[in-house]
Amino acid sequence: MKASKHQGSTSKHVKALLATSLILALSSTSSLAMSDKDLVIVTSFPNDVTDVYKKAFEKKYPDINVEVLSKKTTAGIKYLQETSSNNKSDIFWASAPDAFEVLKDNNLLAAYQSSVSGIPEKVGTFPINDPDGFYKGFALSGYGMMWNERYMKAKKLPTPKEWHDLADPVYHKHVGMSAPSRSGTTHLTVEAILQGEGWEQGWSTLKSISGNFKTVTERSFGVPDGVNSGSFGVGIVIDFFGLSSKATGFPVDFHYPTLTALVPANVGMVSNAPNNEAAAAFIDFLLSEEGQALLLDKKIQRLPVNPAAYASTPEGFPNPFTGEQLGTVDFNLDVSKSRYNVVNSLFDVMVTYRLDELREATKAIQEAEAKAKAAKNTEAMNLVAEAKLLVSAVPITAERASDPKFAGIFTKKRKKASDKVEARQAEIEQEWDKTTLANYQKATELAEQAIELL
């Protein structure tokens, strides 16, 4: 009987040990479920952003290793498209909302409902999150201009306030911007001007400014780098470039023009993410109070989507949830998406690849206009007006740019003019280039004729 009790006691003890071992095994397996794979994040954000979040997230979740694949927005989209059949990415993290719409249309994003609360549905009229739940806004971004105060003082340049200011002859060869085909954030800047002013007037404004460019940079961060170093005085940038440069001690400042868009920077879970639990944890971390506070890091300086985060912002820091007017353009994401590649191609043909000719025409017009006004010569002013119309001309209408059949031709992204494109797209771009070059050359001739009259 004693033996039986002893055996029963031993049996219970063994069962307890087995149960404990099973719990430990399951716990270990659960831990390994995240740690046996890296959390792979495809992002266009610079290291100043990703390093801060990677460090903080890995500290909070020590079993998860974050691997960052740094790619510009367009390259990130292409990468996810090309690897979709054997996807190894978990998160797509970028500024441009239309990029997420492209991925959503391609069924490359997974819907996710975050547990984080307190974030408004909209900022102004723009939804912070995708209504269908495929991506979340985690920060807000506006578009404007930054300038180097020492440079401006040395060159005796006025402080710009509106986009049209940058078309003033005083800024000739003092302005820098990246091409929208190379930067999703620059594309949004261009699209905001086109939507805010209308297709024809918007392009006229863009080309008037572009005629004053010193450079079109290879990447978006080349613009703040150029302003910080004094390579040029004014840069057209997304707000956090200017705000972070100022916060880290560069002699620069930033300003939102009246006409600008305020849109969310986003994060989404990739379809068939190999590590979806870790992906969900990362999204929630970005939206949490802890994650939102990191946006105020001096190297990041983005606008949080959670209004509560602004309680700890420094004096003068923009707050889109107060009475301050930011983002006057009622940005239409569908319009932007419908003509995304067409707008990028147009900008490259008319500005990026013909910058020398555009600058020459612009300079000639500026000189002719100044002399014609001083002389009050009507004939010369008429020639200048004709030259301006030639420079501002756009080879297609807004309706044509958004036509699905036409826009569908433009699918390739190029880093330079010599990169191969589809035959039909190349043919159309060659036609645009021929017309644009002829217009710039004729405009230069007319401006020179106006000067000769005087």
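Two cavities of 30 Å³ or more are present in the structure, which is a predicted model. The second largest cavity holds about 50 Å³ of space. Its lining consists of S178, T185, T186, T189, S220, V223, I236, V237, I238 and F241. Helix α6 and strand β10 (234-238) each contribute at least two residues to this lining. By character, the lining residues of the second largest cavity comprise five nonpolar, five polar and no charged residues.

Helix α6 also packs against another helix. The axes of α6 (residues 184-197) and α13 (residues 340-352) come within 11 Å and cross at roughly 90 degrees. Because angles of 65 to 115 degrees count as roughly perpendicular, α6 is roughly perpendicular to α13. On the α6 side the contact involves G184, H187, V190, E191 and L194, and on the α13 side Y340, V343, N344 and F347. Five nonpolar, three polar and one charged residue make up this contact of α6 with α13.

The composition of the two residue sets is tabulated below.

| Residue set | Nonpolar | Polar | Charged |
|---|---|---|---|
| Lining of the second largest cavity | five residues | five residues | no residues |
| Contact of α6 with α13 | five residues | three residues | one residue |

The structure has a count of 15 salt bridges. One of them pairs R182 with E218, with the closest N and O atoms 4.0 Å apart. This pair links distant parts of the chain, its members being 36 residues apart. R182 lies in the loop between β8 (175-178) and α6, whereas E218 lies in the loop between β9 (213-217) and α8 (222-229).

Note on methods
Residues numbered from 1 in each chain as written. Predicted model: local features only at pLDDT ≥ 70, side-chain atom pairs only at ≥ 80, totals over all residues. Heavy atoms only, no water. Axes fitted to C-alpha atoms, helices over the stretch in contact; angles between N-to-C directions. Helix = DSSP H or I, 4+ residues; strand = E, 2+ residues; numbered from the N terminus. Parallel < 35°, antiparallel > 145°, perpendicular 65-115°, else oblique. Contact = heavy atoms within 4.5 Å. Nonpolar A, V, L, I, M, F, W, Y, C, P; charged D, E, K, R; others polar. 1 Å grid on protein atoms, 1.4 Å probe; cavity = no way out; pocket = protein on both sides within 12 Å on 5 of 7 lines; lining within 4 Å. Points joined across faces, edges and corners; volume = space filled by probe spheres on them. Salt bridge = Lys/Arg side-chain N within 4 Å of Asp/Glu carboxyl O.
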